[in-house]
Amino acid sequence: MADLRALFSSNDPSSFDVAEAFTDRHSQWVLAAAALEEHLRRVASPSFDVEDLEAPRSNLIVFHGVGGVGKSTLLRKIEAALTAAEHRPEQWGAPNWTDRVLPIRIDLSRAASTGSDFERVILTIRLALAGALGRPMPSFDVALRNYWEHVHPGEPLDEYIRRSGLAGKFAEMLPQQLQAGVGEVAAALALPGLVGSAAGQLTSALVNALRERHERAQALAGATRTAALLEATPDLEALSYYPHLLAWDLSRLPAKKRIVPVVLLDTFEDTADRHRDFERLLQRLVWLMPGTFFVVGGRSRLPWADPALHGQLDWTGPAAWPGLASSSASLTVPQPRAAGSGARQYLIGDLSPEDCETHLARRLVQDGQPLIGADIRAAITARSHGLPLHLDLAVSRFLEIRRTGRTPTPADFDCTFPALLARTLSDLTPEERHLLRSVALLDAFDLDLATRAASLAQQASARRLVERPLVNENPYALWPYHLHRAIRSAVRDDDHSDDRWTPADWDQAANRALAALGDQWTSATTLGPSRMLLVACLRQGLRLAREHRLSDLGWLTAAAHAYTDDSVWEPLSLPTDTSTEPAPDTPADALAELLTTIARRQHEHRQRTADRLTAVLDSGLLPAELAEMGLYYRAKAYKDLSLNDAARAGMQQVADSGGRYAPRALRGLANLARLSGDFPTALAAVPTLGWKGRHHRVLGDIRWSQGDTGRAVAAFEAGRAEAEQRSAAGERAMMQVRLALAVSFADPVRADDELALAHQLLDGLDQRSNTLLAHTVALIKDAGAHGVPDRAQSLHADIEAAGLPFLHRFVVLATAFHHAVRGEHQDLAATIGRLRGLTVSGDFAYFVDVAHFMAGLPLPGPSAIRWTESEEHVRSSWRRLVEARQEHLRAGD
C-alpha cells in the first residue's frame with residue numbers, strides 16, 4: 001500500500017519508493033487468530049444458542065495501548081488478512097479454520113458524540129452483510145425499516161447512506177434487500193398487499209402472526225423476543241436491541257451461506273462520554289450478537305468486567321466478561337504459547353529496536369536500498385523508544401529536510417514531535433495534564449508521589465492517569481508506574497501546546513517533586529530504615545536538583561549521610577564516563593559528584609578517587625557538613641594509596657572539627673597508628689571510639705596483627721553482632737571478612753564456613769576492597785597446599801587494577817605464611833624481601849617482623865614496632881600458628 005502523504009512530499013517521487021512498512025506484530029496476530037478459532041468452534045457447536053442472553057461472553061478480543069503504538073495499523077492488517085490470503089503477512093502463517101468469515105472494520109474516530117453514531121455502526125455492519133450474502137435478513141430488516149420510517153420520516157435510506165459517507169459498492173443493495181425482506185415477510189404472512197404499505201402496518205401484522213404462533217411467521221422471524229422488539233417504540237433504544245434479530249437471522253442461514261462476521265471496532269476511546277451512553281449501545285451490540293466476533297482497539301483497557309460499572313452498563317463484572325477481568329495477562333502481550341489462555345485483553349507494547357530498524361529500512365527505498373541511512377535509522381530508533389508514531393513522524397521529517405536540498409544527519413532526529421504530544425494530551429482533563437507534566441519529572445512514581453508532586457488534594461486524577469496506556473506498570477518495583485519514555489520526552493520538550501509550562505513552572509514543579517520524594521523517604525524512615533527507598537529517592541532527587549539547578553539541598557544532605565553510613569555503595573545511576581562531565585557549578589552538582597566518587601571508588605583507582613574529591617572540595621560549593629564528608633573519604637583514599645602523612649592530616653582535620661565524621665576520623669587515626677606499628681596508641685583509642693568509630697573492628701585488627709587470633713575473633717564477633725542489631729549490612733559484611741581473616745590463620749576448617757558466609761554477606765554490597773581481602777583470606781586458609789603462589793600472582797593483578805596497593809601486603813604476608821608452613825626457606829627469604837620493599841614507607845612494617853616470627857627467624861636488627869605485648873610473646877603466637885597448620889596438614893595426609 002502506498003503512503004500518499006510521503007508520495008506527495010517530493011517533486012520527484014519516482015526517485016524512491018514509498019510504502020507502508022508494517023512491522024511484524026506476530027504475537028498479536030497469534031492471539032487474535034487463536035481467539036477467533038476458539039470462537040468459531042464454539043458457535044459451530046450444536047449446543048450454541050444465539051438466544052442465550054445469560055451465558056458469559058468471550059466473543060471479543062481487546063488490544064489497547066498508547067496513542068501511536070500501532071493499534072489502527074494492526075486492526076487494518078487483521079482486516080486485510082481475514083479478507084484475502086494474499087494480504088496476510090507471510091510470517092503470520094495461514095489460519096487453521098476453514099469457516100467463512102467477513103471482516104468489517106469500523107473507525108469510531110469518525111463518529112460524533114450523538115446517537116446517530118450507533119446508526120452508522122449498525123448500517124455499516126448491515127451494508128457489509130448485504131454485499132457478502134446478497135440476501136435479506138428478514139426479521140432485522142423489517143425492524144430496521146420500521147425504525148427508519150419513524151426516526152427519519154421522508155428521508156430515503158439510500159440517500160442517507162450516500163450523505164453520511166457510508167456509500168460504497170453495496171450502498172444500493174441494502175434498500176433493495178430491505179424491500180425484498182418486506183416482500184418475504186408479506187409472502188410468509190400470505191398478505192401480498194402489505195408489500196407497498198407503511199412499515200408500521202407490516203410490523204403490526206407480523207407481530208400478530210407471531211403472537212398467534214403463525215407457523216410460517218415463526219419460521220421466518222421466530223426468535224423468542226422478536227414480537228416484543230417489534231412492539232417497542234422504534235427509537236434509538238430499540239435499535240440498540242435489534243442486533244439480537246440480526247444474530248437470529250445469521251443463525252438461520254443455510255449451511256452453504258453460513259458466515260461469521262468479524263467486527264473490528266477501531267479507536268474505541270472516541271466513544272467516551274460522561275454517562276457512557278454510546279459505549280452502552282456498543283456493549284449491547286457485542287452481547288446480543290454472540291455469534292459475531294469483535295476485535296476492539298483503543299487507548300485504554302475495556303472495563304466491562306469491573307463491577308463498579310454496574311448500573312452504567314447493562315452487563316458488568318467478571319462473570320459476564322471473564323476474559324476482560326484484570327489479571328497479569330492483561331498487563332502485557334504474552335508469548336504465542338500463552339494464546340488461548342482465556343484472556344481477552346492485551347496491551348500492545350512498543351516495537352523492539354530490531355523492528356524499528358526494519359520499519360525504517362522498508363519505509364523509503366531507493367534502487368533497492370534503504371533511503372534512510374543506517375546512522376540516521378539508529379538515531380531515530382534510539383529516540384523513539386519503540387513508538388511507531390515517532391517513527392512515522394521521523395520519516396516525514398526526513399523527507400522535509402531532503403525537500404530543502406540539505407542532506408539529513410543523525411543530529412536532525414534528536415528531537416521530539418509536537419504531534420506526538422498532541423495525541424497524548426487530546427483526551428486528558430486539565431487536571432490530568434497538570435499531573436502528566438508533574439510526573440514527567442520523575443523516573444518512576446506511585447499514586448502518593450504523583451499526587452504530592454502535582455500538589456493535588458486527592459489521588460483520583462493519579463489513579464485515572466495510571467490506568468491509561470501511556471503509563472507503564474511494573475507491580476514489583478518500589479514505585480510501580482513510569483511514563484512511556486517517548487511520551488515523557490515529548491512532555492518535557494513541549495514548546496507548542498497552548499497550556500505548555502514556562503521554565504518557572506517547571507522549576508516550581510521540580511521543587512514540589514523533590515519535596516515529595518523527601519517526604520516519602522523521611523516518613524518511611526520513621527517506621528524503620530529502608531535502604532532501597534533511600535537509594536531510589538537519592539537517585540531521583542539528585543537528578544532533579546541538578547537538572548533544575550536547585551540551590552536548597554534540603555533532605556538530600558541527610559540522605560547523603562544515610563547513604564554513606566552503611567558502606568553498601570549502590571550506584572547512583574549517574575554517567576559512567578565522568579571524564580567528559582563538566583565541573584560542578586551548583587551545590588547539587590557538587591553533592592552528586594561527591595556521592596558518585598565515593599561510590600565509584602570501589603571500581604576506580606584510589607588516585608582517581610582522591611583527585612575527584614579534591615576537585616569537588618576545591619569548588620567550594622559544598623556546605624560545611626558535606627565538605628567534612630569529602631575530607632574524610634579523601635583521607636581514606638590517601639590511606640589506601642599509602643600516603644599516610646596526607647591521610648593523617650586529613651583525618652586530624654576532620655577529628656578536630658568535632659562534626660558528624662569525627663568518630664570515623666578518630667578511627668582512621670587509630671588505624672594509622674596501627675599501620676605505623678604503634679599498637680599501644682591504637683589500643684588506647686579504642687575505648688573512645690564507640691559504635692560510630694567501629695571500636696570492635698579497630699580492636700580486632702590490633703589483636704590478629706599480633707597473632708592473638710582468639711581475642712581477635714571475639715572482637716569481630718562482637719562487632720558483627722552490633723552491626724546486626726543496628727541493621728548495618730555493610731558493617732556486618734566487613735566484620736565477617738575480618739572474622740574469616742583471623743580464623744583462617746588458626747582454623748582452616750572453620751574458615752571455610754566463615755568465608756562462605758562472608759561472600760554471602762558481601763553479595764550486592766559492592767565493597768571492592770573487602771571482596772579482594774576475602775580472596776586473600778582464601779589464600780591464608782589454603783596455606784601449605786599446592787598452587788597458592790600462582791593464585792597470589794593473579795590476585796596481585798586484580799589489586800593493581802583496583803588501585804588498592806595496601807592489599808598487596810596482605811597477599812605477600814599470606815604467601816610468607818604459606819612458605820613458612822612448607823618450610824621453603826629460600827622462597828620465604830625472597831618473599832620477606834618483597835614485603836620489606838612494600839613497607840619501606842613504614843606502613844605495615846610490622847608485617848616484615850611477623851613474617852620472621854612465622855618462620856622462627858631472628859630479626860636482622862632492632863625493630864621500631866611497639867607491640868601491646870612483649871616481642872617474644874608475639875613471636876611465639878605467630879610461630880604456634882605455623883606449627884598448628886603443619887600439624888593439620890600432616891593429619892590430613
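**Reading a loop proline and a buried strand**

Colleague: Where in the chain does Pro860 lie, and between which helices?

Modeller: Pro860 belongs to the loop that links α39, residues 846-855, to α40, residues 871-892. Please keep in mind that this is a predicted model.

Colleague: How should I read its accessibility, and is Pro860 buried or exposed?

Modeller: The general idea is that a residue is called exposed when its relative accessible area is over 50%. Pro860 has 67% relative accessibility, and therefore it counts as exposed.

Colleague: Which residues is Pro860 in contact with, once its neighbours within four places in sequence are left aside?

Modeller: Setting those neighbours aside, Pro860 is in contact with Arg836 and His852. For a distance along the backbone, take Asp849, which is eleven residues from Pro860 along the chain, with 9.5 Å between the two C-alpha atoms.

Colleague: Let us turn to a strand. How many residues of β5 are buried?

Modeller: Here the cut-off is under 20% relative accessible area. Strand β5 covers residues 293-298, and six of its six residues are buried, so that by the cut-off just given the strand is mostly covered. Looking at the two faces in turn, you find Phe293, Val295 and Gly297 on one side, and Phe294, Val296 and Gly298 on the other, all of them buried.

Colleague: Which strands pair with β5, and in what sense, parallel or antiparallel?

Modeller: Strand β2, residues 60-64, pairs with β5 in the parallel sense over five bridges, and within that pairing Phe63 has Gly297 as its bridge partner. Strand β4, residues 260-266, also runs parallel to β5 and is joined to it by four bridges, with Val263 standing opposite Phe294.

Colleague: What is the mean pLDDT of the protein chain, and where does pLDDT stay under 50?

Modeller: The mean pLDDT of the protein chain is 84, and 86% of its residues reach 70 or more. Over residues 327-340, however, pLDDT stays under 50, and the model has 28 contacts beyond four places in sequence for that stretch. Residues 575-580 also stay under 50, with six such contacts in the model.

Colleague: Finally, how many helices and strands does the protein chain have, and what percentage of its residues count as buried?

Modeller: The protein chain comes to 40 helices and ten strands, and 54% of its 893 residues count as buried. Among contacts between residues at least 6 apart in sequence, 70% join residues at least 24 apart. The chain exposes about 37700 Å², of which carbon and sulfur atoms supply 51%.

Key: Residues numbered from 1 in each chain as written. Predicted model: local features only at pLDDT ≥ 70, side-chain atom pairs only at ≥ 80, totals over all residues. Heavy atoms only, no water. Buried < 20%, exposed > 50% of the residue type's maximum accessible area, 1.4 Å probe, protein only. Contact = heavy atoms within 4.5 Å. Pairing = 2+ DSSP bridges. pLDDT = per-residue confidence, 0-100. Areas by Shrake-Rupley, 256 points an atom, 1.4 Å probe, with all protein chains shown as cover.
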